[in-house]
Amino acid sequence: MADGHFSAAPHPLANPGYGKRTVFDQLPRRADDFTHLPPRVGAIAAYIDRLPDNSDISVKTLAKYTPYGQTAVGKALNHLIAAGHLRRGLESVTVASGSTQWVTRTWWSRTARNDAWWAAYQRGDVPEERPPRPTRSRAYILLAALGRENPVMSLSHADCTALASLVEEWFSREATERQVLHALTTWLPVPVHHPAALARRRLVDKLPPAPPPKPRPVRILECGECGRPAGAGDLRSGKCTHCRGTRSAPPPTLPPARVRALAAEARAAASRPPERTPNVDS
């Protein structure tokens, strides 16, 4: 099978809101990732997989940067949809002005996903990927640096290890490193006899309130054959029930009431006032 390295020219990025968007929870890249696919489809898949996110992976652009014509590329992308590597659709996002808008997405997964996984992804039920924690966590490094902010708050390795989970709780509540440092190194008593005990007391007493839960993403996946939107769980191998020939009714569309409900949900999520920055001056 071809290795997917076709063109020496840099592959172009798509317009904002378009292009490749890798889903989370990917397995490490392996040489046999796409050997289950026909050779041409596997070669195109390997090429797409190595492109950075936001790359233009439209049929026309892929045909320009691979040895295959638009017809062959289009068939290969349909094969990748059926195999569970690719989905197209819309997602509601919040823009800089605070308003929401629908943008086109092309989701890519090196790991082949079944229909149930993609349905859960559309509903927002699949948890976001969390990067592995480094040997010395962000919280540990911040605590180890307290002595540089204020020498009387210098902590030992054991102190930093014991207090790191409390600092992680601040980070989970969207506190910044500067806010944590301010809480632990300002308005200190004189003298400071036990810096670790004081740090623990302040981390507990000044803990910011928990932020409101983030709204689930609003996504609509499209049929890989007819391009019409489909409800979560309606697609089988990327095709809607109409294109699979299981019924004679027109291709499924979202009813107007559902569209209005989704739009109202997105507007409500965008209009919630931001949480007030916690007061850590005392």
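**Notebook: sheet order and helix packing**

I started at the pairing of β2 and β3, where Leu-86 stands opposite Trp-108 in β3. I am working from a predicted model. β2 covers residues 86–94, and β3 covers residues 100–108. I counted nine bridges between β2 and β3, and the pairing is antiparallel.

**Entry 1: the sheet**

Next I looked up the strand order. The sheet is open and has five strands, in the order β1-β3-β2-β4-β5. The pairing is mixed. Which strands stand at the edges? I found β1 (20–22) and β5 there. Each has a single partner strand, so one side of each has no neighbour in the sheet.

I then checked β1 against β3. These two strands pair in the parallel sense, over three bridges. Lys-20 is the residue opposite Thr-106 in β3. A reminder to myself: strands of a sheet pair through backbone hydrogen bonds, in either the parallel or the antiparallel sense.

**Entry 2: helices on the sheet**

I looked for helices against these strands. Helix α3 (residues 70–83) packs on the sheet and touches β2 and β3. Its direction makes about 80 degrees with that of β2.

Helix α4 (residues 115–123) also packs on the sheet. I noted β2, β3, β4 and β5 as the strands α4 touches. The direction of α4 makes about 140 degrees with that of β4.

**Entry 3: strand β4**

I moved on to β4, residues 218–222. Is β4 mostly buried or exposed? Four of its five residues are buried, so the rest of the structure largely encloses this strand.

β4 has β2 as one partner: the two run antiparallel and are joined by four bridges. Here I picked out Glu-91, whose bridge partner in β4 is Arg-219.

β5 (residues 229–230) is joined to β4 by two bridges, again with an antiparallel run. Leu-221 stands opposite Ala-230 in β5. β4 and β5 form a hairpin with six residues between the strands. In that hairpin I marked Gly-227, which takes a positive phi near 80 degrees.

**Entry 4: α7 against α8**

I left the sheet for a helix pair. α7 spans residues 157–172 and α8 spans residues 177–185. Their axes come within 10 Å and cross at roughly 130 degrees. Angles from 65 to 115 degrees count as roughly perpendicular and those over 145 as roughly antiparallel, so I logged α7 as oblique to α8. The crossing is right-handed.

Which residues meet? From α7 I listed Val-167, Trp-170 and Phe-171. From α8 I listed Glu-177, Gln-179, Val-180 and Ala-183. By class, this contact holds five nonpolar residues, one polar and one charged.

**Entry 5: α7 against α9**

My last lookup was α7 with α9, residues 195–205. The axes lie 10 Å apart, at an angle of about 15 degrees. Angles under 35 degrees count as roughly parallel, so I logged α7 and α9 as roughly parallel to each other. This crossing is left-handed.

On the α7 side I wrote down Asp-159, Ala-162, Leu-163, Leu-166, Val-167 and Trp-170. They meet Ala-196, Ala-199, Arg-200, Arg-202, Leu-203 and Val-204 in α9. The class count for this contact is nine nonpolar, no polar and three charged residues.

I flagged Val-167 and Trp-170 of α7, which appear in the contact with α8 and again in the contact with α9.

How values were computed: Residues numbered from 1 in each chain as written. Predicted model: local features only at pLDDT ≥ 70, side-chain atom pairs only at ≥ 80, totals over all residues. Heavy atoms only, no water. Axes fitted to C-alpha atoms, helices over the stretch in contact; angles between N-to-C directions. Left-handed = near helix turned anticlockwise from the far one by under 90°. Contact = heavy atoms within 4.5 Å. Nonpolar A, V, L, I, M, F, W, Y, C, P; charged D, E, K, R; others polar. Buried < 20%, exposed > 50% of the residue type's maximum accessible area, 1.4 Å probe, protein only. Pairing = 2+ DSSP bridges.
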